[in-house]
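This briefing gathers points on a single predicted model for use in computational work. The bullet points are grouped by topic.

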Amino acid sequence: MTSRRTRTRLLAGAALTATLVCTASPAWAALAAPEAKAYVVAADAVGSLVAVSPMPSSTYPSGGTNTLVGVHLGPFATDSVLTATTSGDPQAGTSGASATVDSLGVDLTLATVSLTGINSTCSATPAGATGSGVIAGGSVKLPLLPAITLQAGAAPNTQVNVPGVATVILNEQVTDANGVLTVNAVRIALLPILNGANLTIGHAECGGAAPAEAVSMVDPQVAAVGGAAALATAAGVFLLRRRNSTV
């Protein structure tokens, strides 16, 4: 007859195997497919200055590079080339985005902003996304006051107060519940007294997903539970046969 110790060891082994099966399924990103978006400038209306829709912009899918040679619209002024690029690979579950412009002037009515070397990037995999939004240099000028320097290569979410006018956020980074990272090289939030307008410069966002070849028609959790149940059943049948053979 099978000993109690032998039965205990077999059941413990089956339980351990079931636990390993239940914890083996990978934790993919929440998105069904990788995505990305990029644009160089966008703004709400500022005083008498018109709103500016995101430009130039690129969205994955389908991705690609879009450029604009100079812009003089709303609060923005530059003769530099503005470039927005997105890409992705559904088989690998990856995506990327970038937005660049060499120099840009921004008119806030009560202040002016000068920026150089604007570059935002974002790169995503199934495990998460990373990115950065940098400027080579910048300043804010107000009437009768010393210029405010905007730090090059600022740490994420650095805030600069422009008295009576706005808050400037450098290297703004926000990740949503689906793991999508949004990076803004510069975001200018005007005070409520100035209608609370937002101006975005150098926007890149991206999110990864499970690789296409890893997507199954069966829910991984259901498969894990089913596998554990099968192992437990097999262990029970084995014990029953051993017991019957010793009777």
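The side chains of asparagine 171 and glutamine 173 make a polar contact at 3.0 Å. Asparagine 171 belongs to strand S11 and has a positive phi of about 50 degrees, although it is not a glycine. The model is predicted.

**Surroundings of asparagine 171**

- With a relative accessible area of 4%, asparagine 171 counts as buried, because that value falls under the 20% limit for a buried residue.
- A polar atom of the asparagine 171 side chain lies 2.8 Å from the backbone nitrogen of glycine 133.
- Once neighbours within four places in sequence are set aside, asparagine 171 is in contact with Ser132, Gly133, Ala154, Ala155, Pro156, Asn157, Val183, Asn184 and Ala185.

**Salt bridge**

- One salt bridge is present in the structure. Its partners are arginine 187 and glutamate 172, whose closest N and O atoms are 2.8 Å apart.
- This pair links distant parts of the chain, 15 residues apart: arginine 187 sits in strand S12 (residues 181-190) and glutamate 172 in strand S11 (residues 166-175).
- Side chains of opposite charge can pair when their charged atoms come close.
- Glutamate 172 has a relative accessible area of 11% and is buried.

**Disulfide**

- The structure holds one disulfide, which joins cysteine 122 to cysteine 206 with an S to S distance of 1.9 Å.
- Cysteine 122 is part of strand S6 (residues 112-125) and cysteine 206 is part of strand S13 (residues 198-207), so the link ties together parts that are 84 residues apart in sequence.
- The torsion about the S-S bond is -75 degrees, and the link between cysteine 122 and cysteine 206 is left-handed.
- Cysteine 122 and cysteine 206 are both buried.

**Nonpolar cores**

- The largest nonpolar core has 37 residues, of which Phe76 and Ile188 touch the most other members.
- Not counting residues up to four places away in sequence, phenylalanine 76 touches Val41, Ala42, Ala43, Val52, Val71, Leu104, Gly105, Val106, Leu199, Thr200 and Ile201.
- There is also a second, separate core of eleven residues, which includes Ala36, Ala38, Cys122 and Leu181.
- Cys122 thus appears in two of these topics: in the second core and in the disulfide with cysteine 206.

**Strand S8 and its pairings**

- Why is strand S8 (residues 137-141) described as largely enclosed by the rest of the structure? Four of the five residues of S8 are buried, so the description follows.
- S8 runs antiparallel to S6, and five bridges join these strands. Serine 139 in S8 is the bridge partner of serine 114.
- S8 also runs antiparallel to strand S9 (residues 148-150), with three bridges between S8 and S9. Here valine 140 stands opposite isoleucine 148 of S9.
- S8 and S9 form a hairpin, with six residues between the two strands.
- In a regular strand the side chains alternate between the two faces of the sheet.

**Backbone geometry**

- Most residues other than glycine have a negative phi, and most peptide bonds are trans. The residues below, together with asparagine 171 and its positive phi, are points for backbone checks.
- Leucine 144, found in the loop between S8 and S9, has a phi near 65 degrees, a positive value in a residue other than glycine.
- Is leucine 144 buried or exposed? Leucine 144 is exposed, with a relative accessible area of 89%; the value is over the 50% limit that defines the exposed class.
- Tyrosine 60 and proline 61 are joined by a cis peptide bond, with omega about -10 degrees.
- The peptide bond that follows, from proline 61 to serine 62, is cis as well, with omega near 15 degrees.
- Proline 61 is located in the loop between strand S2 (52-60) and strand S3 (64-73), and serine 62 also lies in the loop between S2 and S3.

Terms used:
Residues are numbered from 1 along each chain as its sequence is written. This is a predicted model: local features need pLDDT of at least 70, side-chain atom pairs count only at pLDDT 80 or more; totals for chains, interfaces and linings use all residues. Side-chain values use heavy atoms; hydrogens and water are left out. A salt bridge is a side-chain nitrogen of Lys or Arg within 4 Å of a carboxyl oxygen of Asp or Glu. Buried means under 20% relative accessible area, exposed over 50%, partly exposed in between (1.4 Å probe, protein chains only). A nonpolar core is a set of buried Ala, Val, Leu, Ile, Met, Phe, Trp, Tyr and Cys residues joined through side-chain atoms within 4.5 Å. Contact means heavy atoms within 4.5 Å. A polar contact is a pair of N or O atoms within 3.5 Å; within protein, one must be able to donate a hydrogen and the other to accept it, and residues adjacent in sequence count only if both atoms are side-chain atoms. A disulfide is a pair of cysteine sulfur atoms within 2.5 Å. Two strands pair if DSSP finds at least two bridges between them.
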